[in-house]
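Student: Hi! Could you walk me through this protein model?

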Amino acid sequence: MVSDDVRQIRDSRVLAAMSHPLRLRLLDLLKLDGPATASVLADRTASAVGNISHHLKVLAAAGLVEEAPELARDRRERWWRRPSRALSWSTSDFVGDPVGDAAEVVSLDRQASLSRSWLSDLETAPTEWRDAWFTNETWARLSPVEVMELSSRVLALFAEYTDRPAPDDSVERRPVFLFARGFPAQP
């Protein structure tokens, strides 16, 4: 089940454009915080504005970000936003394409890096965040159809939290990285 606001990536040029660590981070920031200028994104990523501008142009050429001219206060100010709530791609669409393999490696490295970063900060994290975090792994005997069903259910659960407006209840909410994978393997 795919929402209308999920962009399906099937073009290896688009996949290559998004499969860069800084570009993934820019896409994440635009999703979490909404539209931003290159200067704001440079501050948030500790990168040079020129470097951010270059990567935004690459993302724009691939249709992954777009300008938001209505937010500009003058002609020099350029705001950027994501045109789609989410991006989705399948390695099965890129079998034999080195871009698909590279994208999967970048994705896995990013997931591992974010997990390692959290674990290294765990000792100094506030107690409520140390108590709230989770990790889970399990084994199951499933058919390909059942794996696809599980994937849809996990994505729907994620969407319940990612697509809602943040409640106005004065509760602290931080960005939380969620990921799930399911694939055939042997214990």
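Tutor: Happy to; we will go through the overall layout, the sheet, a pocket, some salt bridges and a few single residues.

Student: Anything I should know before we start?

Tutor: This is a predicted model, where local features need pLDDT of at least 70 and side-chain atom pairs count only at pLDDT 80 or more, while totals for chains, interfaces and linings use all residues. Residues are numbered from 1 along each chain as its sequence is written, and side-chain values use heavy atoms, with hydrogens and water left out.

Student: Okay, how many helices and strands are there in the protein chain?

Tutor: The protein chain has seven helices and five strands. Here helices (H or I, at least four residues) and strands (E, at least two) are DSSP runs, numbered from the N terminus. Along the sequence they come in the pattern β-α-α-β-α-α-β-β-β-α-α-α.

Student: And what box do the C-alpha atoms fill?

Tutor: Roughly 60 × 45 × 30 Å, taken along the principal axes. Of the 187 residues, 23% count as buried. Buried means under 20% relative accessible area, exposed means over 50%, and partly exposed is in between (1.4 Å probe, protein chains only).

Student: Which strands make up the open sheet?

Tutor: The open sheet has three strands in the order β2-β4-β3, with antiparallel pairing. Its edge strands are β2 (36-37) and β3 (66-67), each pairing on one side only. Two strands pair if DSSP finds at least two bridges between them. For β2 and β4 (residues 79-81), there are two bridges, in the antiparallel sense.

Student: Which residue in β4 is the bridge partner of Ala36?

Tutor: That's Trp80. You'll meet Trp80 again in the lining of the second largest pocket.

Student: Oh, what else lines the second largest pocket?

Tutor: The lining also includes Thr37, Ala38, Ser39, Val49, Ser53, Lys57, Arg76, Glu77 and Arg78. The elements giving two or more residues to this lining are α3 (38-45) and α4 (49-61). The largest share, three residues, comes from α4.

Student: What does "pocket" mean here, and what volume does this one have?

Tutor: On a 1 Å grid over the protein atoms alone, a pocket is an open set of points where a 1.4 Å probe fits, with protein on both sides within 12 Å along at least five of seven lines; lining residues have an atom within 4 Å of a point. The volume of the second largest pocket is about 150 Å³. A volume is the space filled by probe spheres set on the points, and grid points are joined across faces, edges and corners.

Student: New topic: how many salt bridges are there?

Tutor: The count comes to 13 salt bridges. A salt bridge is a side-chain nitrogen of Lys or Arg within 4 Å of a carboxyl oxygen of Asp or Glu. One of them joins Glu70 and Arg81, with the closest N and O atoms 2.4 Å apart.

Student: Why does that pair tie together parts that are 11 residues apart in sequence?

Tutor: Because Glu70 lies in the loop between β3 and β4, while Arg81 is in strand β4. Glu70 counts as exposed at 53% relative accessibility, and Arg81 is partly exposed at 22%. Both residues belong to a network of salt bridges that also links Glu66.

Student: What about Glu77 from the pocket: buried or exposed?

Tutor: Glu77 is buried, with a relative accessible area of 17%. Its side chain meets that of Arg73 in a salt bridge (2.7 Å, N to O). Arg73 counts as exposed, at 70% relative accessibility.

Student: Got it. Which residue in the loop between α3 and α4 has a positive phi?

Tutor: Ala46, which sits in that loop, has a positive phi of about 55° although it is not a glycine. Ala46 is exposed, with 77% relative accessibility. Ser170 also has a positive phi, about 65°, and is not a glycine either. The place of Ser170 is in the segment after α7.

Student: Last one: where is Phe179?

Tutor: Phe179 is found in the segment after α7, and with a relative accessible area of 38% it is partly exposed.
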